[in-house]
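Q: Could you take a close look at one helix in this chain and walk me through how its sides differ in burial? I'd also like to hear about the salt bridges elsewhere in the fold.

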Amino acid sequence: MPELEQLRADHAPAVLAFETANRAYFAATVFDRGDAFFAEYPDRYRAVLAEQEAGDCACYLLVAADGSVLGRFNLIDIADRTAKLGYRVAEHATGRGLATAAVEQLCRLARTRHGLRTLLAAAATRNVASRRVLVKAGFAEVGPAGPADLGGKPGSWYRRDLGELGELGEPGEPGEFGDGAGVG
């Protein structure tokens, strides 16, 4: 079963393989990171780890048993107990409920591990799968997102108030992916 793991330095090769293998798919469904991302990957990766260490973001990977990355799930722009959620899932891993289960687990971790109260996420209008994941994970649509928010695509912002600790249920162990809820 896949596990949600916080980003570490030793994940760098697997993350690059994930981004490279899915580049065309991401360009069509979310946005392309661009040539500079790949050309400057080692420096960018170290910068993200430094931002995470500083508490400005919390980045997670959905990792398969073989060590390959199935998805990236990031809490960015952390401030005032609020963060933006961003995620992307490998094309071959879509349609199995993995994104929904990972977002649900990340919501628990956001509250219990990172002390957050509110998460925001933007999804492109044409990205029906991402919009469905957000709604299943308890997010509500709150307004329009501009093309600058979504790599040139129009869409909507979604919000989830995480509430008090007891309202989210038990957080589980850090590496525990959940009980299969939402997988199917």
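A: Happy to help: here is a walk along helix α4, followed by some of the salt bridges. Please keep in mind that this is a predicted model.

Helix α4 covers residues 41-54. At 1.5 Å a residue, its 14 residues should span 20 Å, and the end C-alpha atoms are indeed 20 Å apart, so expectation and model agree. Its buried residues are Y41, Y45, L49 and Q52. These cover an arc of only 75° around the axis, which means that they sit on the same side of α4. The spacing fits a general rule: an α-helix has 3.6 residues a turn, so residues three or four places apart point the same way. The buried residues of α4 pack against β1 (3-6), α1 (12-21), α3 (35-39) and β2 (58-63). On the other side of the helix, D43, R46 and A54 are exposed. After α4 comes G55, with a positive phi near 85°.

Now to the salt bridges, of which the model has ten. One of the partners of α4, helix α1, holds E19, which is buried at a relative accessible area of 1%. E19 forms a salt bridge with R33, with the closest N and O atoms 3.1 Å apart. R33 lies in the loop between α2 (23-29) and α3, 14 residues from E19, and is partly exposed at 27% relative accessibility. The side chain of E19 also meets that of R88 in a salt bridge (3.1 Å, N to O). R88 belongs to strand β4 (residues 82-89), 69 residues from E19, and is buried at 5%. Together with R72, the residues E19, R33 and R88 are linked in a network of salt bridges.

Note on methods
Residues numbered from 1 in each chain as written. Predicted model: local features only at pLDDT ≥ 70, side-chain atom pairs only at ≥ 80, totals over all residues. Heavy atoms only, no water. Helix = DSSP H or I, 4+ residues; strand = E, 2+ residues; numbered from the N terminus. Expected span 1.5 Å × (residues − 1). Buried < 20%, exposed > 50% of the residue type's maximum accessible area, 1.4 Å probe, protein only. Arc of directions from axis to C-beta. Contact = heavy atoms within 4.5 Å. Salt bridge = Lys/Arg side-chain N within 4 Å of Asp/Glu carboxyl O.
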